[in-house]
Amino acid sequence: MSSEKNIQKATETTTTAGAENPPALVKKIGRTTYIVRIHFSETSTETMSDKIKRMLKNEIRQMG
């Protein structure tokens, strides 16, 4: 099976699996196909902007 068919099959599997499975990103690097699933917390109180700021602050603290 060609690599393009493998990626297409992986994509079809992740997109047709239903609501129970989170969305997925598929990326092929060399002969390895990476499938990254993502999810979002329904109970989170932190906005994306807050999270990015927190992550940047932590990164700056680690550098210094």
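Here is a short walk through the structure shown above, from its overall layout to a few of its residues.

Let's start with the whole chain. What you are looking at is a predicted model. It has 64 residues, and its regular elements are two helices and two strands. If you follow the sequence from start to end, these elements come in the order α-β-β-α. Now think about the surface. Just 3% of the residues count as buried. The accessible surface comes to about 6100 Å², and carbon and sulfur atoms account for 55% of that area.

Next, look at the two strands. Strand 1 covers residues 24–29 and strand 2 covers residues 32–37. Arg-37, which is found in strand 2, has its C-alpha atom 6.4 Å from that of Leu-25, although the two residues are twelve apart along the chain. Is Arg-37 buried, exposed or partly exposed? Its relative accessibility is 45%, so Arg-37 counts as partly exposed, since that class runs between 20% and 50%.

The strands also take part in a nonpolar patch on the surface. Its members are Leu-25, Ile-29, Tyr-34, Val-36, Ile-38 and Phe-40, and together they have about 620 Å² of accessible area. Strand 1 and strand 2 are the elements that each give two or more residues to this patch. Phe-40, another member of the patch, lies in the loop between strand 2 and helix 2. With a relative accessibility of 67%, Phe-40 counts as exposed, because the cut-off for that word is over 50%.

Phe-40 leads us to another feature, the largest pocket, as this residue is part of its lining. The volume of the largest pocket is about 220 Å³. Alongside Phe-40, the lining is made up of His-39, Ser-41, Ser-44, Glu-46, Thr-47, Met-48 and Lys-51. What kinds of residues are these? Two residues of the lining are nonpolar, four are polar and two are charged.

One of the lining residues, Glu-46, brings us to our last stop. Side chains of opposite charge can pair when their charged atoms come close. How many salt bridges does the structure hold? There is one, and it joins Arg-54 to Glu-46, with 2.9 Å between the closest N and O atoms. That distance falls within the 4 Å limit for a salt bridge. Neither partner is hidden away as buried: Arg-54 has a relative accessible area of 37%, so it is partly exposed, and Glu-46, at 33%, counts as partly exposed too.

Note on methods
Residues numbered from 1 in each chain as written. Predicted model: local features only at pLDDT ≥ 70, side-chain atom pairs only at ≥ 80, totals over all residues. Heavy atoms only, no water. Patch = residues over 30% accessible without salt bridge, like charges linked within 9 Å, V, L, I, M, F, W, Y side chains within 5 Å. Areas by Shrake-Rupley, 256 points an atom, 1.4 Å probe, with all protein chains shown as cover. Salt bridge = Lys/Arg side-chain N within 4 Å of Asp/Glu carboxyl O. Helix = DSSP H or I, 4+ residues; strand = E, 2+ residues; numbered from the N terminus. Buried < 20%, exposed > 50% of the residue type's maximum accessible area, 1.4 Å probe, protein only. 1 Å grid on protein atoms, 1.4 Å probe; cavity = no way out; pocket = protein on both sides within 12 Å on 5 of 7 lines; lining within 4 Å. Points joined across faces, edges and corners; volume = space filled by probe spheres on them. Nonpolar A, V, L, I, M, F, W, Y, C, P; charged D, E, K, R; others polar.
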